[in-house]
Amino acid sequence: MSGKLGEILLKENLITPDQLKQALEHQKANGGRLGNSLVKLGFLNDDEVTAVLSRQYGVPSINLAYFEVDPSITKLIPMDTATKYQVLPLSRVGASLTLAMVDPTNVFAMDDIKFMTGFNIEPVVASEAAIMDAIKKHYGSVEDQERKKELEEIVNFIDEGQAESLELQDADSEGMSLEALEKASEEAPVIKLVNYILTDAVKRGASDIHMEPYEKEYRVRYRIDGMLQTIMNPPFKLRDAIISRVKIMSKLDISEKRLPQDGRIMIKMMKDGKKKQLDFRVSVLPTLHGEKIVMRLLDKENLRLDMTKLGFEQVSLDKFTKAIFKPYGMVLVTGPTGSGKTNTLYSSISQLNKPDTNIVTAEDPVEFQLHGINQVQMKEQIGLNFAAALRSFLRQDPNIILVGEIRDFETAEIAIKAALTGHLVLSTLHTNDAPSTISRLMNMGIEPFLVATSVHMIVAQRLVRRVCADCKTAEDISPQLLIDAGFTIEESKTVKVYKGTGCSTCGNKGYKGRCGLYEVLEITDELRELILVGASALELRKKAIEQGMITLRKSGLIKASLGQTTLEEVFRETVL
């Protein structure tokens, strides 16, 4: 029997002309096939439509509600192909594949599937509704397929087994169980990806993780040994999900996308067979194409509290040690963000941490928790800033006060008064070198006589990358270049400098780890006189060098000649 479905149904008196008209209007408005519209409007049931379709096309019909399909058969045709052509593979006998179809006359569909599978196609007919229900039943929902695709995309750049399970820690509780997180990581690809990024950063020795959205790509970079490196480009459509996951882990407001936010993630992970506790300081910043996330990795194991291993030259270390063991006065550590100031200060107070000493710190934020030291977290939103904390400290009978950073006149004034009234005060400032710190304090409004009498020592520092020990080789450099770098004529004849050629240990970078460059300015009586008469930073620097101060550049040249770093690194971080 051939002809249009509507005509056949009218001829067999299964529907009225008015019902056909309504069904055609429904089809026009909603799409799909006429038989499906008739079923949805309640004019026919599915079995009646299938029986008529069987007679119309001259092929057998099937009731899919009672037919179980072998999963190995459905794998022959992808879900998107089955949905596109409205077909379902049912069974295979020899070289023939039985295929349920809404339209058995669709030769394009049969040719495409024959080419795809290599089997001859034997069509049977079923209604559109029955086939779409069966596709959902046997292939899973569209949402499940989307999640499966996401997982496949992630697995493309994550080797199986690398995305470790993490135990999320709460500052006030024991945190989620490993089992719960393992289960969650299996269920959600995004959780698996974020876990991978966090653990991979730890394994690579990164200090920061940058997650950056751009117009058409999403980029993840790690800062390793002070240099940013692009690590991966996750699927762009996962951008919002990744951001939300990090926000949830750091207890931030996932609905707030217009304002910057700061939080913290505390996790436990297994490394080298041991449980390792890690702390990530999270900063979220709204940018043009979405929110950028930067996570600073605070790993207590990387905190070097042995001052002899920080990189001080012996003469500089002796001066610094002498200053921090004085009963009062101020010791300042200066340098840009990420130059290791916190590590130097923590090393100092660890040396001073004795049962008979009261040490209090004001930090923003508290990066590492040290036993026996009273650490206070700043909270600007409730008025707890450095100045307010310092005022309170003076009523707490302290011996040593550590101020995270001197940012303004008020903080500087209270810190200097504390240093003049029998307390040792340690703090940081953002300046380019040690002598310019004096000018900076006076520019803040501090009187020269207060600076001269309170400040005992200023340390300027930088971090440079260390030459990889496994691929270190001597570099052939002309004596003139060495002289231009800062070596004397005599030194240029004998000195050797080194570089890394790149190997598996350092990831072909030539560098592995970092070491510090230090400029230690001891405030002597002669320097105090210069400060009192308002001498410039240049004059102070000249006098300090006369008195034996090792400058940042000189410290770098010493380390380059010892094979600890390269001249390129020294040039990058210091000036003559």
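In the predicted model, R528 touches A452, T453, V455, H456 and I523 when residues up to four places away in sequence are left out of the count. R528 belongs to helix α21, which covers residues 525-532, and its relative accessibility is 18%; because buried means under 20% relative accessible area, R528 counts as buried.

T453 also appears among the contacts of L420, which touches L450, T453 and S454, again without counting residues up to four places away in sequence. T453 is thus touched by R528 and by L420. L420 lies in helix α16, formed by residues 409-420, and has a relative accessible area of 39%. Since the partly exposed class lies between the limits of 20% and 50%, L420 is assigned to that class, whereas R528 is counted as buried. With respect to I267, L420 is 153 residues away in sequence, and the C-alpha atoms of L420 and I267 are 42 Å apart in space.

Strand pairing was examined around strand β10, which spans residues 290-298. Strand β5, made up of residues 206-213, runs antiparallel to β10 and is joined to it by four bridges; within this pairing, M211 has I293 of β10 as its bridge partner. Strand β9, made up of residues 274-287, is likewise antiparallel to β10, and nine bridges join β9 and β10. In β10, V294 stands opposite S283, and β9 and β10 form a hairpin with two residues between them. In a regular strand, side chains alternate between the two faces of the sheet.

At the level of the whole chain, the secondary structure comprises 24 helices and 19 strands. The radius of gyration of the chain is 36 Å, whereas a compact globule of 576 residues would have a value near 25 Å. Along the principal axes, the C-alpha atoms fill a box of roughly 115 × 60 × 40 Å. Of the 576 residues in the chain, 48% are buried, and among contacts between residues at least 6 apart in sequence, 63% join residues that are at least 24 apart.

The chain exposes about 28600 Å², of which carbon and sulfur atoms supply 51%. As for charge, the chain carries 72 positive and 79 negative charges, and the mean positions of the two sets are 3 Å apart.

Technical notes
Residues numbered from 1 in each chain as written. Predicted model: local features only at pLDDT ≥ 70, side-chain atom pairs only at ≥ 80, totals over all residues. Heavy atoms only, no water. Rg over C-alpha atoms; globule rule 2.2 N^0.38 Å. Buried < 20%, exposed > 50% of the residue type's maximum accessible area, 1.4 Å probe, protein only. Contact = heavy atoms within 4.5 Å. Areas by Shrake-Rupley, 256 points an atom, 1.4 Å probe, with all protein chains shown as cover. Lys, Arg positive; Asp, Glu negative; His and termini not counted. Charge placed at Lys NZ, Arg CZ, Asp CG, Glu CD. Pairing = 2+ DSSP bridges.
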